[in-house]
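Student: I'd like to go through the labels on this model and check what each one rests on. Can we start with the terms and then move to the residues?

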Amino acid sequence: MALGVLDLFSIGLGPSSSHTVGPMRAAVRFVDELAADGHFARVEKVSVGLFGSLAATGIGHGSDSAVLAGLSGCEPETLDPDAVGPLVAEVREQGTINLGGRRTIPFDPEADLTLHRRESLPQHPNGMRMSAEVDGEVIEREYFSIGGGFVVTADEMGVESADSRDVLDFATADELLEQCSRHGVSIAELMAINERERQDDELLRKQLLDIWAVMRECVHNGCTRTETELPGGLKVRRRAPELRARLEDAEYRASGSLDALEWVNLYALAVNEENASGGRIVTAPTNGAAGIIPAVLHYMDRFVVGDGEAGDDAAGAEDDGRAGDDAVVKFLLTAGAIGILFKRNASISGAEVGCQGEVGSACAMAAAGLCAVLGGSPEQIENAAEIGLEHNLGLTCDPVGGLVQVPCIERNAIASVKAINAARLAMHGDGSHRVSLDQAIETMRQTGADMKSKYKETSLGGLAVNVIEC
């Protein structure tokens, strides 16, 4: 099917879209397929195997818990983050699982959920094999979590049906610019035209503003947590609550701090600390890079279309959004168009191309969205996205301890500032530049293919082996 903007921005749980949200969705799909094929009532046992990167960092990313929740019928969009722990504990204590929330069958996580750390399925490093015993026979399915919470089978990988093309379709950035020029529309307008094939304008607008509301809530939650450390054993300290208090202190603000950039840092840290603790997150386009687009949106809200002042909702609390709704919609539609290019022509999976596919993609998307709100032409927007990606090329994914904390949280803050700078640099030009976005995306794809697997979300290289965990 053709990709839409809401495919790039979906609501789920931390700490990982590919390692948490994806496995949960795969487990739900497996149970649904058993029911659709008429097998559900006769299932005697289920078992799950996680392969490659899913196995290597699965425990730190909560993949095991996500599978148990998915088999129990829980969806990442609606599952209460606080319900995951008790659900998993009950499965382990009882030795049973409530399959699809409808039938209790035996399940021993120690025996029936296996991490194949030294084995990968050939189609993708994030592979899952799910099996069910039905009337003494085994029904088996394989799924692949390809980044951003997307789950496919081997047959579905890379397939886009001919009857699901967009009205103003584009496969490359050059084609996107050509469509904008031919029809006299902006990138956001082009995306809105395509989205009308899926839902009407008012519903799309509501859905995008709902995404913005969840992003704001995530920032607020991250800024108001009372726990001082993130879970997982690394003893990483939460910084967002303290930083918020400091930025709101009049004496500190009078000391000549870099006000705008420090608020951007706060917004990104808040989101990614929430992600690291398993909170409710918007994949943008992944959980590991989920702080960048919200941080730049908050920057836009406060310093571009807002008044630059912090009110009672300084950390993005329960306000109705200072940013004009039109600006939010334009930002997300434009960012979504750029995200689609990454999905179609490279990858947003850290297990496939390294962190350049996650943080690099998010940085490019945020730069494009901000540039659009600043009044950039399609050519300037493409330039902003290219700058945002180019300076993240080669970025490895080497999470310490298999947790989405070090270096992931700070990396989002740094990339958020990069995105703002990329947008502003592009606005100083006329859109013409030496390296195209298409060339940068292809370079990212090639670099990811050349990158050793130990640098692609396995915690077997880089900082993950050079930093003592405790």
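Tutor: Sure. Contact means heavy atoms within 4.5 Å, and keep in mind that this is a predicted model.

Student: What covers the buried residues of helix 8?

Tutor: The cover includes helix 9 (187-195), helix 15 (325-345), helix 18 (378-390) and helix 20 (437-450). The buried residues themselves are A173, L176, L177, Q179 and C180.

Student: What puts those residues on the same side of helix 8?

Tutor: They cover an arc of only 160° around the axis, so they sit on the same side of helix 8. On the other side, S181 and R182 are exposed. Just after helix 8 comes G184, with a positive phi of about 65°.

Student: Next, cysteines. How do you know that C363 is in no disulfide?

Tutor: A disulfide needs two cysteine sulfur atoms within 2.5 Å. For C363, the nearest cysteine sulfur is that of C355, 11 Å away. C408 is in no disulfide either: the sulfur of C397, the nearest one, is 6.2 Å away. The structure as a whole holds 0 disulfides.

Student: And why is C408 called buried?

Tutor: Buried means under 20% relative accessible area. C408 comes in at 15%, so it counts as buried. C363 is buried too, with a relative accessible area of 0%.

Student: What makes S72 buried, given that it lies in a loop?

Tutor: The cut-off is under 20%, and S72 has 14%, so the label is buried. The loop in question runs between helix 5 (63-71) and helix 6 (84-94). Leaving aside neighbours within four places in sequence, S72 is in contact with L87, I97, N98, G100 and G101.

Student: Why is the W263 and Y267 pair called tilted?

Tutor: Ring centres within 6.5 Å make a pair, with planes under 30 degrees apart counting as stacked, over 60 as edge-to-face and the rest as tilted. W263 and Y267 are 6.0 Å centre to centre, with 35° between the planes, and that gives a tilted pair. The two residues are 4 residues apart in helix 13 (residues 259-276), so about one helical turn separates them. Both W263 and Y267 are buried. A search of the whole structure finds 2 aromatic pairs.

Student: How do you know that R302 lies over the face of W263?

Tutor: The distance part of the test asks for CZ of Arg within 6 Å of the ring centre. R302 is at 4.0 Å from the ring centre of W263 and lies over its face. R344 lies over the face of F170, at 5.7 Å from the ring centre.

Definitions and conventions: Residues are numbered from 1 along each chain as its sequence is written. This is a predicted model: local features need pLDDT of at least 70, side-chain atom pairs count only at pLDDT 80 or more; totals for chains, interfaces and linings use all residues. Side-chain values use heavy atoms; hydrogens and water are left out. Buried means under 20% relative accessible area, exposed over 50%, partly exposed in between (1.4 Å probe, protein chains only). A charge sits over a ring if NZ of Lys or CZ of Arg is within 6 Å of the ring centre and within 35 degrees of the ring normal. The arc is that of the directions from the helix axis to the C-beta atoms.
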